[in-house]
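Me: I am new to reading protein models, and I would like to learn how one goes from a picture to careful statements. Could you take me through this one feature at a time?

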Amino acid sequence: MGNRADDCGTDVEIYVKALTTTIHAATPTGAPAKLHGLLEQLGLERHEYPVGAPLYVWHTVPDHLGAEEQKRLASRAIPPLLMAGYKVNIDPDLFDETAYQQAAREVRANRPRPVRRQPPPAASSSRPTPSRLTP
């Protein structure tokens, strides 16, 4: 069973399902559990069909949120997904630039800094003095 992520070759496709107001986040068939877990951590709700032995898994932005808050949540999910290495596409009508930028700043601020290693000591430019052999 294909879906938008399969069709588009992305890891996450964020869009409004036709004839509804529900924002969906489709993942490719067989997407890793790690991706599903990250989407849930970011506030999206997981759905499965059939329940218990899913053939198809998708996520939605919670319906109890207002329309603008739904767009903000969807846009805020993008930077962490990108930082985790996933390819993400969002419908331009859903994209909230301010929410995205704020989330990007937060991701950068919370990203662990690489450990800075001390450079190795510089080699001496003078040659060691050879030892003298006496007869």
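Reply: Let us begin with how elements are named: helices (H or I, at least four residues) and strands (E, at least two) are DSSP runs, numbered from the N terminus. This is a predicted model, in which local features need pLDDT of at least 70 and side-chain atom pairs count only at pLDDT 80 or more, while totals for chains, interfaces and linings use all residues. Residues are numbered from 1 along each chain as its sequence is written, and side-chain values use heavy atoms, with hydrogens and water left out.

Me: How many salt bridges does a search of the whole structure find?

Reply: A salt bridge is a side-chain nitrogen of Lys or Arg within 4 Å of a carboxyl oxygen of Asp or Glu. By that rule, the search of the whole structure finds 5 salt bridges. One of them joins the side chains of E68 and K71, at 3.9 Å from N to O.

Me: Where do E68 and K71 lie with respect to each other?

Reply: Both belong to helix α3 (residues 67-83), and because they are 3 residues apart there, about one helical turn separates them. To describe their surroundings we need three words: buried means under 20% relative accessible area, exposed means over 50%, and partly exposed is in between (1.4 Å probe, protein chains only). E68 is partly exposed at 45% relative accessibility, and K71 is partly exposed as well, with a relative accessible area of 24%.

Me: Which residues are joined into one network by salt bridges that share partners?

Reply: That network consists of E40, R46 and E48. R46 pairs with E40, their closest N and O atoms being 3.5 Å apart, and R46 also meets E48 at 3.0 Å, N to O. R46 has a relative accessible area of 35% and is partly exposed, E40 is partly exposed at 36%, and E48 is partly exposed at 26%.

Me: What is the nearest side chain of opposite charge to D96, which has no salt bridge?

Reply: For charge, Lys and Arg count as positive and Asp and Glu as negative, whereas His and the chain ends are not counted. The nearest such partner of the buried D96 is R72, 4.5 Å away. D96 is found in the loop between β5 (88-90) and α4 (97-110). Contact means heavy atoms within 4.5 Å, and, leaving aside neighbours within four places in sequence, D96 is in contact with K71, R72 and S75.

Me: How many residues does the largest nonpolar core have?

Reply: In soluble globular proteins, nonpolar side chains tend to be buried together. A nonpolar core is a set of buried Ala, Val, Leu, Ile, Met, Phe, Trp, Tyr and Cys residues joined through side-chain atoms within 4.5 Å. The largest one here has 19 residues, and V12, I14, L35, L44, L81 and V88 have the most contacts inside it. Two or more residues come from each of β1 (12-16), β2 (23-26), α2 (33-41), α3 and β5, and α3 gives the most, with 5 residues.

Me: Which residue has a positive phi although it is not a glycine?

Reply: That residue is L19, with a phi of about 65°. L19 lies in the loop between β1 and β2 and, at 91% relative accessibility, counts as exposed.
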